[in-house]
Amino acid sequence: MKRFFIVTVLFYSFAINASPIFNRITQDSGDKKNPFFPMTVGQIREFSKEENGVTSTCTWKTDGVFQITDDINKLKDQKAYQFTDSSNGDVFYFTNYDGFVCKYAKNENGEYKLTRMLPENIVEDYNWISNDITFIITDVSIDYITVEFFDNQKDVSGYNKFKKESGPCEIYINDATATKKHDMLAKLKSISHDSSVQNSVGLPTTDETGSVVKNPDDKEKSPVVKETEANPQSAHSQVIAINTMQKNFYYIQVGSFARKENAFSACEEIRQKGFQSVVFEDKDGAFKVLIEGNSKMEETLSQLRAQVTSEAFIKKRIGK
């Protein structure tokens, strides 16, 4: 009996030590270490959500900040902000850890896992794997970052878009499995603050708007055609949805525009110089002037940079 009692005590002791420990922090002024994902207690992010053709709204509320100790995930008094999703009641955490903004949440087995979502050092085409999910930064501008992802074990892919000083502003998930086939797109409508939450600093309410995505290697230069110089005669050109591009498709991006007419003007200008450019509408709403990949891409790129714009660069499309 005594031996059984000792074994039982040891078992429960191990179980307790293996479980995460959460200690609430009562005094906190926020975490702005990563400008593309600032976190403050009391923040309320409102999203418009479209899932399987059904439109609704949901909120992410930052309910509190905690120190988390989790031996399995190697966390020791790690500061993390607790989020609650109003649409399903899910509770999860975000934290700046080991050079990344990480999501800390339970998986399908009920185990807490740390997933690296966004690095501190933003470099286009930078990629990493976290919890069997491959992430790659596909678009970078002064104000926006897009990170595409696909699960290496499941047929799930999508992207997360982050806005500077706001955080997640667009989330797309496509699950193509037979049992869970669905797609979901959530766009940030506004950010507000719960004034009843003490010891926190609120953010002003903001409306989500589009932006021009420029070449990250040359952020200060202007696009091929200025946004105010639209050419209405080009408005009948064909726009191709970028999600029709094949996986691992190479192309040259010459410019990116918030307005469709400006993309058409730039496209015509490039065609007049002998390049076969097209306009693609990306998932982030930007209209991108692209030249499809060919066997002489480096030569074409050099000609474009010399004749059209030094902002042209080769990209690789991933995902579906």
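**Exercise 1. Which residues of the largest nonpolar core touch the most other members?**

Step 1. Start with the core itself: there are 43 residues in the largest nonpolar core, and Phe83, Phe94 and Val147 touch the most other members. Keep in mind that you're working with a predicted model.

Step 2. Pick one of them, Phe94, and look around it. Leaving out residues up to four places away in sequence, Phe94 touches Phe37, Met39, Trp60, Ala80, Tyr81, Phe83, Val101, Cys102, Lys103 and Met117. Notice that Phe83 is on that list.

Step 3. Now look for another core. A second, separate one has 18 residues, including Ile252, Phe257, Phe287 and Val308.

**Exercise 2. Work out how many helices and strands the protein has, and what share of its residues is buried.**

Step 1. Count the elements: you should get three helices and 18 strands.

Step 2. Turn to burial. Of the 320 residues in the protein, 45% are buried.

Step 3. Check the contacts along the chain. Take those with a separation of 6 or more: 53% of them are between residues 24 or more positions apart.

Step 4. Finish with the outside. The accessible surface comes to about 16900 Å², and 49% of it belongs to carbon and sulfur atoms.

**Exercise 3. Describe the surroundings of Phe149 and Thr146 in strand β10.**

Step 1. Find the strand: β10 covers residues 144-151 and holds Phe149. Thr146 lies in β10 too.

Step 2. Decide on burial. The cut-off is under 20% relative accessible area. Phe149 has 12%, so Phe149 is buried. Thr146 has 7%, so Thr146 is buried.

Step 3. Compare sequence with space. Phe149 and Thr134 are 15 residues apart in sequence, but their C-alpha atoms are 5.4 Å apart.

Step 4. List the contacts, skipping residues up to four places away in sequence. Phe149 touches Ile133, Thr134, Phe135, Ser157, Gly158, Tyr159, Asn160, Tyr172 and Ile173. Thr146 is in contact with Ile136, Ile137, Thr138, Asp139, Tyr159, Asn160, Lys161 and Asp284. Tyr159 and Asn160 turn up on both lists.

**Exercise 4. Is Asp175 buried or exposed, and which side chain does it join in a polar contact?**

Step 1. Locate Asp175: it sits in strand β12, residues 167-175.

Step 2. Read its accessibility. At 8%, Asp175 counts as buried, because the cut-off is under 20%.

Step 3. Look for the polar partner. The side chains of Asp175 and Thr177 are joined by a polar contact of 2.8 Å.

Step 4. Add the contacts further along the chain. Apart from residues up to four places away in sequence, Asp175 touches Asp155, Val156, Lys180, Lys181 and His182.

**Exercise 5. Where do the buried residues of helix α3 fall, seen down its axis?**

Step 1. Name them. In α3 (residues 297-307), the buried residues are Met297, Thr300, Leu301 and Leu304.

Step 2. Look down the axis. These buried residues fall within an arc of 100°, so they line one face of α3.

Step 3. Recall the helix rule: an α-helix has 3.6 residues a turn, so residues three or four places apart point the same way.

Step 4. Check the other side of α3, where Glu298 and Ala306 are exposed.

**Exercise 6. How many disulfides does the count come to?**

Step 1. Remember what you're after: a disulfide is a covalent bond between the sulfur atoms of two cysteines.

Step 2. The cut-off for the two sulfur atoms is within 2.5 Å, and the count comes to zero disulfides.

Step 3. Take a look at two cysteines anyway. Cys58 is buried at 4% relative accessible area, and Cys267 counts as buried at 2%.

How values were computed
Residues numbered from 1 in each chain as written. Predicted model: local features only at pLDDT ≥ 70, side-chain atom pairs only at ≥ 80, totals over all residues. Heavy atoms only, no water. Helix = DSSP H or I, 4+ residues; strand = E, 2+ residues; numbered from the N terminus. Buried < 20%, exposed > 50% of the residue type's maximum accessible area, 1.4 Å probe, protein only. Contact = heavy atoms within 4.5 Å. Polar contact = N/O pair within 3.5 Å; in protein donor to acceptor, adjacent residues only side chain to side chain. Arc of directions from axis to C-beta. Core = buried A, V, L, I, M, F, W, Y, C linked by side-chain atoms within 4.5 Å. Areas by Shrake-Rupley, 256 points an atom, 1.4 Å probe, with all protein chains shown as cover.
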